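Colleague: I am new to this structure and would love a close look at a single part of it. Could you walk me through the sheet and what packs around it?

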Amino acid sequence: WVASGVDPKLATQLADGLFVPTRRLDVHGHDEASAVRAARRFVEAEADRGTRCVALIHGRGRHSIGPPVLGPAIRAALRMMSTRVDAWAVARREAGGEGVTLVLLARR
């Protein structure tokens, strides 16, 4: 995903591992609402600090009843934060795959 007005190549570069996250937030064990709140606060704080790339670690949902919840909920929240987020992508398999969302923070 890439925010409107942002070069789509950034999302590809993010997914390809060309940006390295310098900060991480692990929300394993949170319920959906708590995970989304924590992710929003983290993204806002890191954007304010000038951090460029972060990782949100939410797991793959293998211990959930039904389909994964945290990853989709966090990604939906990130789409609504386009003034703070330039792009997000699922991490490469060796970096956590579906259990990790990489976020490229806006530099505005």
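Modeller: Happy to! One term first: a residue counts as buried when its relative accessible area is under 20%. Please also keep in mind that this is a predicted model.

Let's start with the sheet itself. It is open and built from four strands in the order S1-S2-S4-S3, with mixed pairing. Strand S1 (23-26) and S3 are the edge strands, each pairing on one side only. On average, neighbouring strands are turned by 20° against each other, direction ignored.

Look at the S1 end now. S1 pairs with S2 in the parallel sense, over four bridges. Here leucine 25 stands opposite leucine 56 in S2. Two helices join the picture: H2 lies across S1, S2, S3 and S4, and runs at about 170° to S1. H3 also packs on the sheet, where it touches S2, S3 and S4, and its direction makes about 160° with that of S3.

Leucine 56 is a good place to see how these pieces meet. Neighbours within four places in sequence aside, leucine 56 is in contact with ten residues that include Leu25, Ala39, Phe42, Val43, Ile74, Leu78 and Val103. In soluble globular proteins, nonpolar side chains tend to be buried together. In this model, the largest nonpolar core has 21 residues, and Leu56, Ile74, Leu78 and Val103 touch the most other members. Helix H2 (32-49), strand S2 (53-57), helix H3 (70-79), strand S3 (85-90) and strand S4 (100-105) each give two or more residues to this core. H2 supplies the largest share, seven residues. There is also a second, separate core of 15 residues, with Ala3, Ala11, Ala55 and Leu102 among them.

Now move to the edge strand S3, where you will find aspartate 86. With a relative accessible area of 5%, aspartate 86 falls under the 20% limit, so this residue is buried. Its side chain makes a polar contact with the side chain of arginine 52, at 3.0 Å.

Finally, follow the chain beyond S2 into the loop that leads to H3, which holds glycine 59. Glycine 59 is buried too, with a relative accessible area of 14%. Leaving out residues up to four places away in sequence, glycine 59 touches His28, Glu98 and Gly99. Glycine 97 is 38 residues from glycine 59 along the chain, and their C-alpha atoms are separated by 9.0 Å.

Conventions:
Residues are numbered from 1 along each chain as its sequence is written. This is a predicted model: local features need pLDDT of at least 70, side-chain atom pairs count only at pLDDT 80 or more; totals for chains, interfaces and linings use all residues. Side-chain values use heavy atoms; hydrogens and water are left out. A nonpolar core is a set of buried Ala, Val, Leu, Ile, Met, Phe, Trp, Tyr and Cys residues joined through side-chain atoms within 4.5 Å. Buried means under 20% relative accessible area, exposed over 50%, partly exposed in between (1.4 Å probe, protein chains only). Contact means heavy atoms within 4.5 Å. A polar contact is a pair of N or O atoms within 3.5 Å; within protein, one must be able to donate a hydrogen and the other to accept it, and residues adjacent in sequence count only if both atoms are side-chain atoms. Two strands pair if DSSP finds at least two bridges between them. Axes are lines fitted to C-alpha atoms, for helices over the stretch in contact, and angles run from 0 to 180 degrees between N-to-C directions.
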